[in-house]
Amino acid sequence: MSQFQASIINIQKHDALHIVTFQTEAFTLHMMSLELDEKISVGTKVLLGVKASSVAIAKDFSGELSYANQLELEVHKIQEGELLCSLELKAKNFELESIITLGSKNRMKLQVADTITALIKSSDLYITEVL
């Protein structure tokens with residue numbers, strides 16, 4: 001799981017659905033939530049989380065996707081296992097981990113220092129702690 005600090009900059013609400021927008025040091029991120037704690041409002045600082053297996057990777061991508069969170073990052077470290085591969089991704093002080101299959105890593109010819117786009121659905125981002 002990756003965690004990072006962010007501040008809430010916008011909250012949209014309709015019935016029980018919330019779309020929350022966050023600002024980190026490097027990116028603007030969006031989260032979709034059916035429930036939102038009463039303590040959470042614009043300006044609240046939080047710790048966000050995302051499971052490494054929920055972070056998809058695109059290389060040399062052009063086009064439109066429905067992913068709300070599309071982050072341009074650099075591959076900082078690659079750890080290969082028998083079937084899976086862990087990618088440590090960075091931009092400025094922002095760090096994120098992605099776990100993909102070793103077959104995908106090889107097909108994409110991913111290497112350290114490659115620039116990739118990390119894709120996170122807004123429903124996969126969550127608040128782990130209110131700071």
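Is Glu88 buried, exposed or partly exposed? In this predicted model, Glu88 counts as partly exposed, because its relative accessibility is 26% and the intermediate class lies between the cut-offs of 20% and 50%. Lys90 falls into the partly exposed class as well, with a relative accessible area of 24%. The side chains of Glu88 and Lys90 form a salt bridge, with an N to O distance of 3.8 Å. Glu95 belongs to the network too: salt bridges with shared partners join Glu88, Lys90 and Glu95.

The count of salt bridges comes to four. One of them pairs Asp114 with Lys59, whose closest N and O atoms are 3.2 Å apart. Asp114 is in the loop between helix H1 (102-107) and E9, while Lys59 is in the loop between strand E5 (56-58) and E6, so this salt bridge ties together parts that are 55 residues apart in sequence. Asp114 counts as buried, at 16% relative accessibility, whereas Lys59 is partly exposed, with a relative accessible area of 26%.

A salt bridge is also formed by the side chains of Lys105 and Glu80, at 2.6 Å from N to O. Here helix H1, which holds Lys105, is linked to strand E6, which holds Glu80; the two residues are 25 residues apart. Lys105 counts as buried because its relative accessibility is 11%, and the cut-off for that class is under 20%.

Turning to the nonpolar residues, the largest nonpolar core has 31 residues. Those with the most contacts inside this core are Phe22, Leu29, Ile57, Leu71, Leu73, Leu89 and Leu96. Two or more residues each are given to the core by strands E1 (2-14), E2 (17-23), E3 (28-33), E4 (45-50), E6 (69-80), E7 (84-91), E8 (94-101) and E9 (115-120). The largest share, four residues, comes from E7.

The surroundings of Ile57 can be described in further detail. When residues up to four places away in sequence are not counted, Ile57 touches Leu87, Leu89, Ser98, Ile100, Met108, Leu110, Ile116, Thr117 and Ala118. Among these contacts, Leu89 is listed with Ile57 among the core residues that have the most contacts.

A nonpolar patch is found on the surface, formed by Leu17, Met32 and Leu34. Together these residues have about 270 Å² of accessible area. Leu34 is placed in the loop between E3 and E4. With a relative accessible area of 62%, Leu34 is exposed, because that class begins over 50%.

Technical notes. Residues numbered from 1 in each chain as written. Predicted model: local features only at pLDDT ≥ 70, side-chain atom pairs only at ≥ 80, totals over all residues. Heavy atoms only, no water. Core = buried A, V, L, I, M, F, W, Y, C linked by side-chain atoms within 4.5 Å. Buried < 20%, exposed > 50% of the residue type's maximum accessible area, 1.4 Å probe, protein only. Contact = heavy atoms within 4.5 Å. Patch = residues over 30% accessible without salt bridge, like charges linked within 9 Å, V, L, I, M, F, W, Y side chains within 5 Å. Areas by Shrake-Rupley, 256 points an atom, 1.4 Å probe, with all protein chains shown as cover.
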